[in-house]
Structures are given as C-alpha cells and as structure tokens.
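Me: I would like to learn how to read a structure like this one feature by feature, beginning with helix packing and ending with the ligand. Could you take me through it?

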Amino acid sequence: MVFPTILIIFVIQFTQRYLKLAKKDIIILGIESSCDDTSASIIKNEAIYSNVIASQKIHEEYGGVVPELASRAHQQNILPVVDVAIKKANISISDIDAIAFTSGPGLLGSLIVGTSFAKAMALGLNIPIISVNHMHGHVLAHFIDDKDKEKPTFPFICLTVSGGHTQIVLVKDYLEMEVIGTTIDDAAGEAFDKSAKLLGLSYPGGPLIDKMAQSGNPNKYSFTKPKVTGYDYSFSGLKTNILQFLNREKKKDPDFIKNNINDICASIQKTIIDILFDKLIEAVEEHNINEVAIAGGVSANSELRARLVSEGKKREWKTHIPKFEYSTDNAAMIAIAGRYHFLKNDFAKQSISASSRLNI
Ligand code: KG4
Ligand code: ZN
C-alpha cells in the first residue's frame, strides 16, 4: 500500500507544479537582503503588487554598514517583511508560483538570511526557487510595469552605480549582460559616502550630499579626476584629494566645512558625475548605441538624473531613469529579474548557497 500512496502523492505534486508553470499569470515573491535593506515584493507578471522595505537605521551611528549587525537585523525583519508584502498584495500564500532571492553579490551574512529563508519557504510550499544576481536586478528594474515610463529595447547601455558597484553594462537581453567598464577600487556610492563622512555627515551620505548640493555652487571647488584606461573607473584618489583639500582649508578657517558645506557638496557631486559621464559617453558612442539607462542606489541622485536627461537631449539618446523607489535596493527588482529566469525554466537547486562575489 505504501508504494501506490507515494506514487499518487508524487503524481499530484507533479501535476500541481506543471499546472502552475503552464498558467498564464505568474506570481513571484522576491526577497532582497544583500546589504542593509530587508525587502520583499509580490509581482504578478510585470506588475508590482507590493514592495516592502525595512531599512536598518543602526548603521547610521557607525558611519557605514556593520555586516554582523546587518545580518542580525535581517533575521529580525525578514518574516514580518514577507508577511506584510503578501498581505499588501492581497494574495494568498498558495498563489505564489516561485520565490526569487538575491544570491549575490553582497555581504555574505546578509545574503545567507534571504537565501535560507527563500529555500525554507519554497520547500514548505513545494514551489521552485530562483537565484537572482543583485546587479541584474538593478538593471531589470527598468522592466517593471509603469504607465509613465517606456521600457528599454535591446541592446542598451546601463550605468549601474551603487554602494558596492560601478559598472557600464552592455545589456543584450534580459539575462544577457556584459560588463564593459567597472571600478578598479571604490564604487561611486562609496565615493559619495566616504566624502560625506569626511564632512562629518552620517551614513548613507549620498542622499545628504544630494540634498545640500541643491543649494550649492558646483563650480566653486575643483578636484582631480582619475586617469584610468578603457571604460574603467577609479574613485579612491578622489577621497584622498578631498581629505587633503579639507585639511588645507581648515588650517585657514576652522569652520570651513560648516561655512561652505553646500558648495563643497555640490562640487564633490559634480566631480563624481563628471567622472561617471566621461566614460559613459565614450562607451555609448563607441558601441554605436542610442539607448542609455541608469540604475542602482546612486541613480536616485537628482543631479545624475538631470545630467542623463541633458546629455540624452544633446546626443539624441533615448534615456531611461528608474522610479525613485526602484533605484535603491528593493525586492521588486529581484522579483522581476526572477520572472525572466522563470520564463526560461531556470530554477535553482535547494543546495544553492549565497555568494558574496558573483559576476553578472
Ligand atoms: O543600490 P544601493 O541601494 O545598495 C547597494 O547595492 O549598494 O546603493 C546604495 C548607495 C549608497 O552608497 C548611497 O549613498 C547611494 O546609493 N545613494 C545616493 C543617493 N541615494 C542613495 N548617492 C547619491 N545621491 C543619492 N540621492
Ligand atoms: Zn544595490
């Protein structure tokens, strides 16, 4: 009797899974936990039903993300965040067809929380898991349904700028991407955050520099630009240059930073954006491509967005700027990236583990 019962259970489970894969609408739960944001999102096809993000304030006082604290906070946040995402989407847990999660790159302890949670939940629900590269997620956020925004067409070039990465990506298809330029040291987000730290601002400094720069003169101070070959970037020299500049000026006026904070922020921001665009323009023109996108946390920067629009007009590029909420880390972008893996039947095994270094 045992054998036929096992066989019947197997046939039922197989049929259930087959029917789910064959149905037209696909509902995916996305989970993101690569750095200091715990996020869960439900998407139906390319439409976002919910996108819940729990940010970790704890790192502010340390001037940067503390990996051990980040993974502990993810452990506390993940269950309530997923729960709220499902409730907000107004679906039942059994409607979920697959769980997509960030398997890398990022902080290992943080990635392990999302990866283990996704694996355990999928096992319980008997649904497949999808491993998503965080950097694919940033780029593919451009394919989230949005009535105010046209989706890019392939091939296009995406400048992906975050706290950990700075990449010029040649996007040939949803999951076919080539990094043609990258940073050889710090990322653009790090350049913002480290500069902010030198100015005594809290973490993350990027949004604070953006805000203060709005009332400053971007041409007041100038900083040296790196000389790197090809489409690669370097930002570590800028930090040293800013440090030396501040030390020099503080000798003359101890309140130099306080008295000139807006102009300093605007000048730093302009330098970072100039560096980014010099290489981006070269890459776009040499590849003869006229569709250009920006993605990642730094793409939330108001001046970077404005620069893409103005350069786009000047150079007849079709430009793509992600919605603010899909620029910084979020699970909606992981879910949408998961969708393209799903459509290719590209599922991960339960034996998968997170990896802090993962190439796109
Ligand atoms: O993509 P993201 O949320 O996380 C990573 O994958 O790293 O990017 C975070 C980075 C941080 O360095 C943060 O300072 C920067 O994005 N950032 C900004 C702005 N908003 C976030 N940088 C400049 N201006 C902003 N408005
Ligand atoms: Zn990111």
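Reply: What follows is a walk through a few features of this structure, which is a predicted model.

Me: How is the packing of two helices described, and at what angle do helix 8 and helix 9 pack?

Reply: Two packed helices are described by the angle between their axes together with the distance between those axes. Here helix 8, residues 256-286, packs against helix 9, residues 302-315, at an angle of about 40°, and their axes are 10 Å apart. That angle makes helix 8 oblique to helix 9, and the crossing of the two is right-handed.

Me: Which residues of helix 8 and helix 9 meet?

Reply: From helix 8 come Q269, I273, F277 and I281, and they meet E303, L304, R307 and E311 of helix 9. Sorted by class, this contact has four nonpolar, one polar and three charged residues.

Me: Are helix 5 and helix 7 roughly parallel or roughly antiparallel to each other?

Reply: The angle is again the place to begin: helix 5 and helix 7, the latter being residues 236-252, pack at about 15°, with their axes 10 Å apart. Angles under 35 degrees count as roughly parallel, and helix 5 and helix 7 are therefore roughly parallel to each other. Their crossing is right-handed. On the side of helix 5 the contact is made by A191, K194, S195 and L198, which meet L238, K239, I242, L243 and L246 in helix 7, and by class this contact has six nonpolar, one polar and two charged residues.

Me: Turning to the sheet, what is the order of the five strands, and which strands are at the edge?

Reply: A sheet can be read from one edge strand across to the other. This open sheet has the order 8-7-6-9-10, with mixed pairing. Its edge strands are strand 8 (176-182) and strand 10 (318-320), each of which pairs on one side only. On average, neighbouring strands of this sheet are turned by 25° against each other, with direction ignored.

Me: In which sense do strand 6 and strand 9 pair, and over how many bridges?

Reply: Strand 6, residues 156-161, and strand 9, residues 291-295, pair in the parallel sense over four bridges, and T160 stands opposite A295 in strand 9. Helix 8 also packs on the sheet, where it touches strand 6, strand 7 (166-173), strand 8 and strand 9, and its direction makes about 160° with that of strand 6.

Me: Which backbone details in the loops should I look at?

Reply: Look at cis peptide bonds and at the sign of phi. A cis peptide bond joins G104 and P105, with omega about -10°, and P105 has its place in the loop between strand 4 (98-104) and helix 3 (108-125). The peptide bond from Y203 to P204 is also cis, with omega near -5°, and P204 lies in the loop between helix 5 and helix 6. As for phi, N45 has a value near 55°, which is positive in a residue other than glycine, and N45 lies in the loop between strand 2 (37-44) and strand 3 (47-55).

Me: Finally, how many residues surround ligand 1, and which helix gives the most to the shell?

Reply: Ligand 1 is surrounded by 19 residues, the closest being G163, G189, G206, G297 and N301. Helix 5 (188-198) and helix 6 (205-213) each supply at least two residues of this shell, and helix 6 gives the most, with four residues. By class, the shell divides into six nonpolar, ten polar and three charged residues.

Definitions and conventions:
Residues are numbered from 1 along each chain as its sequence is written. Chains are lettered from A and ligands numbered from 1 in the order in which they are written. This is a predicted model: local features need pLDDT of at least 70, side-chain atom pairs count only at pLDDT 80 or more; totals for chains, interfaces and linings use all residues. A residue is near a molecule or strand if its C-beta atom, placed from the backbone, lies within 6 Å of it. Ala, Val, Leu, Ile, Met, Phe, Trp, Tyr, Cys and Pro count as nonpolar, Asp, Glu, Lys and Arg as charged, and the others, Gly among them, as polar. Axes are lines fitted to C-alpha atoms, for helices over the stretch in contact, and angles run from 0 to 180 degrees between N-to-C directions. Angles under 35 degrees count as roughly parallel, over 145 as roughly antiparallel, 65 to 115 as roughly perpendicular and the rest as oblique. A crossing is left-handed if the near helix is turned anticlockwise from the far one by less than a right angle, and right-handed if clockwise. Two residues are in contact if their C-beta atoms, placed from the backbone, lie within 7 Å. Two strands pair if DSSP finds at least two bridges between them.
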